[in-house]
Amino acid sequence: MKIKRVKLIYYSPTGTSEKTVKAIQQGIGIDYDIVDLTLPSSESKNYTFDSSDLAVIAAPVYSGRIPTVAVKRISKLKASNTPTVLIVVYGNREFEDALLELKNITKANGFRAFAAGAFIGEHSFDTPKTPIATGRPDTEDIKKAKEFGEKLKEKIEKIEKLDDFSVPGNYPYREVKSSTRSPVTNPDTCILCGMCARVCPTGCVTVSDAVETDSSNCTACTACVKNCPTGARHWDNEGVLKAAIWLSTDYAKRKEPEIFL
Ligand SMILES: Cc1cc2nc3c(=O)[nH]c(=O)nc-3n(C[C@H](O)[C@H](O)[C@H](O)COP(=O)(O)O)c2cc1C
């Protein structure tokens, strides 16, 4: 198939999915456009793709699934027999049904997967005391992502017709329990810069003379914590703190990216 442009499509609150697709793109080496679905402003745009595009769609794994906000935004994209690469990025635990979910929601709108990958990113709940895949994707991951991109280019050039493509995962998908929790702000160190509000994918943080969070709309993505310039924004939720200890203890062994071609 002849590809005119690559479309890098991602939802990436803490930036690891974004880094991964950009490394894959380096390997593909065809001109590209970015479709960043991370912030609420992306919801007002309409995106369409055709069969001369190569879509690379990436999202993080939350509880073995695609985050619901990402599902909503990805489901709005309209494609027409568009060759597609599916990427999930997970925090060194498991990716479970996320790739299958990503395949199914994109297939319904005209994307045709011919390759997929599960890469590792620093876990959103990583802290110096509870390290979980700290600093990933690292140099080794980026190298593998770039090599994957090179293989994708070779494969797409040889493909004449897009057949159904299998990815790991089970349906019905893993059930996700809903819970209401959000990071908190230490007023002593907060400088009211508004960064937490600007990076929030759901717009649930507002900053005036104090920081307020609508917990019912928080996805626990932790972008506000990771981007806070003074460290004022943090987790004090017992469930999240316990999960961080569990993950850094039980999932300390390094996992490697898996590719499906
Ligand atoms: C609410 C939540 C649930 C998560 N669930 C999983 C999971 O099931 N398995 C896993 O390995 N990592 C899990 N992670 C970690 C993310 O998948 C990981 O940090 C990823 O790199 C984040 O992508 P981003 O930087 O593009 O936002 C979870 C993170 C959050 C915030």
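**Exercise 1. In this predicted model, find which residues come nearest to the ligand.**

Solution. Start with the shell around the ligand, which has 25 residues. Within that shell, the nearest are Ser-12, Thr-14, Thr-16, Ser-17 and Val-61.

Next, sort the shell by residue class. It divides into nine nonpolar residues, 13 polar ones and three charged ones.

**Exercise 2. Look for polar contacts of the ligand with Gly-15, Thr-16 and Gly-64, and say whether backbone or side-chain atoms take part.**

Solution. Keep pairs of N or O atoms within 3.5 Å, and take the residues in turn.

- Step 1: at Gly-15, a polar backbone atom is 3.2 Å from an oxygen atom of the ligand.
- Step 2: at Thr-16, an N or O atom of the side chain is 2.6 Å from a ligand oxygen.
- Step 3: at Gly-64, the backbone takes part, with an N or O atom 3.0 Å from an oxygen atom of the ligand.

Now turn to surface area. Taken alone, the ligand exposes 650 Å², and the protein buries 96% of that.

**Exercise 3. Place the ligand in the fold: which pocket holds it, and which elements give two or more residues to its shell?**

Solution. Begin with the pocket: the ligand sits in the largest one. Then go through the helices and strands; those giving two or more residues to the shell are α1 (16-28) and β6 (82-90).

Finally, check the domains. Domain 1 (5-172 + 254-260) and domain 2 (184-236) each supply at least three residues to the shell around the ligand.

**Exercise 4. Inspect the backbone at Pro-137, Pro-172 and Ala-220, and locate each residue.**

Solution. A reminder helps here: most residues other than glycine have a negative phi, and most peptide bonds are trans.

- Step 1: check omega from Arg-136 to Pro-137. It is near 5°, and the peptide bond is cis. Pro-137 lies in the loop between β7 (111-120) and α4 (139-158).
- Step 2: do likewise from Tyr-171 to Pro-172. This peptide bond is cis, with omega near -5°. The loop that holds Pro-172 runs between α4 and β8 (184-185).
- Step 3: move on to phi at Ala-220. This residue is not a glycine, yet its phi is positive, at about 65°. You will find Ala-220 in the loop between β10 (211-213) and α6 (223-227).

Conventions
Residues numbered from 1 in each chain as written. Predicted model: local features only at pLDDT ≥ 70, side-chain atom pairs only at ≥ 80, totals over all residues. Heavy atoms only, no water. Near = heavy atom within 4 Å. Polar contact = N/O pair within 3.5 Å; in protein donor to acceptor, adjacent residues only side chain to side chain. Areas by Shrake-Rupley, 256 points an atom, 1.4 Å probe, with all protein chains shown as cover. 1 Å grid on protein atoms, 1.4 Å probe; cavity = no way out; pocket = protein on both sides within 12 Å on 5 of 7 lines; lining within 4 Å. Sits in = over half its atoms within 2 Å of the grid points. Helix = DSSP H or I, 4+ residues; strand = E, 2+ residues; numbered from the N terminus. Nonpolar A, V, L, I, M, F, W, Y, C, P; charged D, E, K, R; others polar. Domains from an automatic or database assignment.
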